Number of protein chains: 2
Amino acid sequence: MEKSIKRRTTMNRMQVTGLELFYKNGYYNTSVDDILKELSLSKGAFYYHFDSKEDFFIQIIEQLVVRKIYSMLIEPIEGHEHTLDLITNCFENALETAVHNELDYGFVLSNFIGEFNGRNPEVMKHLNEILRIWEVTLVSAVQRGKFNGHIDRHVDAEGVAVYLMSSFIGIRTLMVETAPSARKYRFMSQLRQYFKSIEVKQSSF
Amino acid sequence: MEKSIKRRTTMNRMQVTGLELFYKNGYYNTSVDDILKELSLSKGAFYYHFDSKEDFFIQIIEQLVVRKIYSMLIEPIEGHEHTLDLITNCFENALETAVHNELDYGFVLSNFIGEFNGRNPEVMKHLNEILRIWEVTLVSAVQRGKFNGHIDRHVDAEGVAVYLMSSFIGIRTLMVETAPSARKYRFMSQLRQYFKSIEVKQSSF
DNA sequence: GAATTAACCGACCATTGGGTCAGTTAATAG
DNA sequence: CTATTAACTGACCCAATGGTCGGTTAATTC
């Protein structure tokens, strides 16, 4: 019976609140006390469960962020036919949560990359790992599309993946402050436009 | 003789070093002392010239960041003909500095947006202002292209602008850690692909 | 060359933040 | 019922940080 229910519950409460605050205020701008105050818990409780603030954060990434990103950005793309439709829907859904100002894991990702890049290699290792998996997923999705005859066979799958990741990360940054809904709509239109340009032309005669 | 030479020189030195460190370590993770140590100057000197750390930062944005972004991302686009070529070249150049790990103002921008969003409205005001100008520049560039007959007249200029900004901000984030040169190359290829899809088809008969 | 002032020094202050630890409480085992 | 242990408390430590202020130095002015 490794790790009792109570222990797990408390750790999870801390992680959930921690992620919320880290997302809102940034890692370096959120103190352990801030999180504890929110939960009416003490310093002792925190350091009983976690080794350090950094250890705490890495566990948040592994427990919460990775899983959520998997279910939002990875799994939905691992379907079979009509790759580009899958990706379109996936982005559509992921951005919709952003419109409603929910805790959005796509942005959490690019946010944290910005904050830790060049400062904390340990944390970056974990964030890069997520990016890598996302990239691999997209690349093989595109290759599948080429194989299935939906995507032009001259298309560079790696290129498409990088372009998709870029635009997604970027639109998430842009949606944070100004007119998220309008920007989402415009973004999705252009994404479809771009997709049309790499599709196999059905009737070009 | 408002603001003597000496004053200006010292302030500028502080700002340049400040931006460097803010870029490298983030705003909240860079102390005033860090900057001062670099320059062998004292606390007194700093608070003689600036009201606060925040005031200091805002002046950096206005003096250094805004101007640099103007010259890198705004002015090069304000040419006349062949809009899409202008934008392509502009992005190409801007990303090239990133490859060489130079202090890159495009990324500075998205970096700081991530750090200040929802935390410091005063600073965000300035950052959003830059984004707004960039957006306006891109929108009118596209409209010019439509007018000149280089861009398909059905194209949504605002949409293209948002899409371009997104992808640029995103690729800058992605280029920071992994294979910047390869990613830049792939990105530019896909950008050209996308541009082809909104160009006026020269010979569609 | 005395007076004024711009530019700068560095000791000091209050607060914050990560982390420690001796001790308390509550559940569980024997 | 007692002993043990898991879970948690909160006072304390210490280094760092933004900011203050009285004082010094060097350039300018008269």
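This report walks through a predicted model, looking at its DNA contacts, its pockets and its salt bridges.

## Around DNA strand D

Let us start with DNA strand D, which is surrounded by 19 residues. The closest of them are A:Ser4, A:Ser42, A:Gly44, A:His49 and B:Lys53. Of the strand D atoms that come within 4 Å of the protein, 60% belong to sugar and phosphate. By class, this surface has ten polar, five nonpolar and four charged residues.

Several side chains can be followed right up to the phosphates. In A:Ser42, a side-chain N or O atom is 2.8 Å from a phosphate oxygen of strand D. B:Lys53 also places a polar side-chain atom 2.8 Å from a phosphate oxygen of this strand. For A:Thr10, the distance from a polar side-chain atom to a phosphate oxygen of strand D is 3.1 Å. Helices α1 (5-25) and α3 (43-49) of chain A, together with α3 (43-49) of chain B, are the elements that give two or more residues to this surface. Which of them gives the most to the surface near strand D? It is α3(A), with four residues.

## Around DNA strand C

Now turn to DNA strand C, which has 20 residues around it. A:Tyr47, A:Lys53, B:Ser4, B:Gly44 and B:His49 come nearest. Sugar and phosphate make up 55% of the strand C atoms that come within 4 Å of the protein. The surface near strand C divides into ten polar, five nonpolar and five charged residues.

Three contacts are good places to zoom in. A side-chain N or O atom of B:Ser4 is 2.4 Å from a phosphate oxygen of strand C. A:Val32 uses a polar backbone atom, which is 2.9 Å from a phosphate oxygen of strand C. A:Lys43 meets a base: an N or O atom in the side chain of A:Lys43 is 3.0 Å from a base oxygen of the strand. The elements giving two or more residues here are α3 of chain A together with α1 and α3 of chain B. Of these, α3(B) gives the most to the surface near strand C, with five residues.

## Two pockets

Next come the pockets. The largest pocket has a volume of about 750 Å³. It is lined by 25 residues, and those closest to its centre are A:Gln193, A:Lys196, A:Ser197, A:Lys201 and B:Ser197. Helices α5 (83-99) and α9 (180-198) of chain A, along with α9 (180-198) of chain B, each supply at least two lining residues. The most come from α9(A), which gives six. The lining of this largest pocket has twelve polar, nine charged and four nonpolar residues.

The second largest pocket has a volume of about 260 Å³. Of its 16 lining residues, A:Asn117, A:Gly118, B:Tyr23, B:Asn101 and B:Val176 are the closest to the centre. On chain B, α1 (5-25), α5 (83-99) and α8 (157-175) each supply at least two residues of this lining. The lining of the second largest pocket divides into seven nonpolar, five charged and four polar residues.

## Salt bridges

How many salt bridges does the structure hold over all chains? There are 14. One of them joins A:Lys125 and A:Glu122, whose closest N and O atoms are 3.5 Å apart. These two residues are three apart in helix α7 (residues 121-148) of chain A, so about one helical turn separates them. A:Lys125 is exposed, with a relative accessible area of 53%, while A:Glu122 is partly exposed at 33%.

Other bridges link distant parts of a chain. B:Lys43 and B:Asp33 form a salt bridge with their closest N and O atoms 3.5 Å apart, and this pair connects helix α3 of chain B with helix α2 (residues 32-39) of chain B across ten residues. B:Glu96 and B:Lys184 also form a bridge, at 2.3 Å from N to O. B:Glu96 sits in α5 of chain B and B:Lys184 in α9 of chain B, 88 residues apart. Of these two partners, B:Glu96 is partly exposed, with a relative accessible area of 29%, whereas B:Lys184 is buried at 7%. In chain A, a network of salt bridges links A:Glu92, A:Glu96, A:Lys184 and A:Arg192.

Definitions and conventions
Residues numbered from 1 in each chain as written. Chains lettered and ligands numbered in written order. Predicted model: local features only at pLDDT ≥ 70, side-chain atom pairs only at ≥ 80, totals over all residues. Heavy atoms only, no water. Near = heavy atom within 4 Å. Polar contact = N/O pair within 3.5 Å; in protein donor to acceptor, adjacent residues only side chain to side chain. Nonpolar A, V, L, I, M, F, W, Y, C, P; charged D, E, K, R; others polar. 1 Å grid on protein atoms, 1.4 Å probe; cavity = no way out; pocket = protein on both sides within 12 Å on 5 of 7 lines; lining within 4 Å. Points joined across faces, edges and corners; volume = space filled by probe spheres on them. Salt bridge = Lys/Arg side-chain N within 4 Å of Asp/Glu carboxyl O. Buried < 20%, exposed > 50% of the residue type's maximum accessible area, 1.4 Å probe, protein only.
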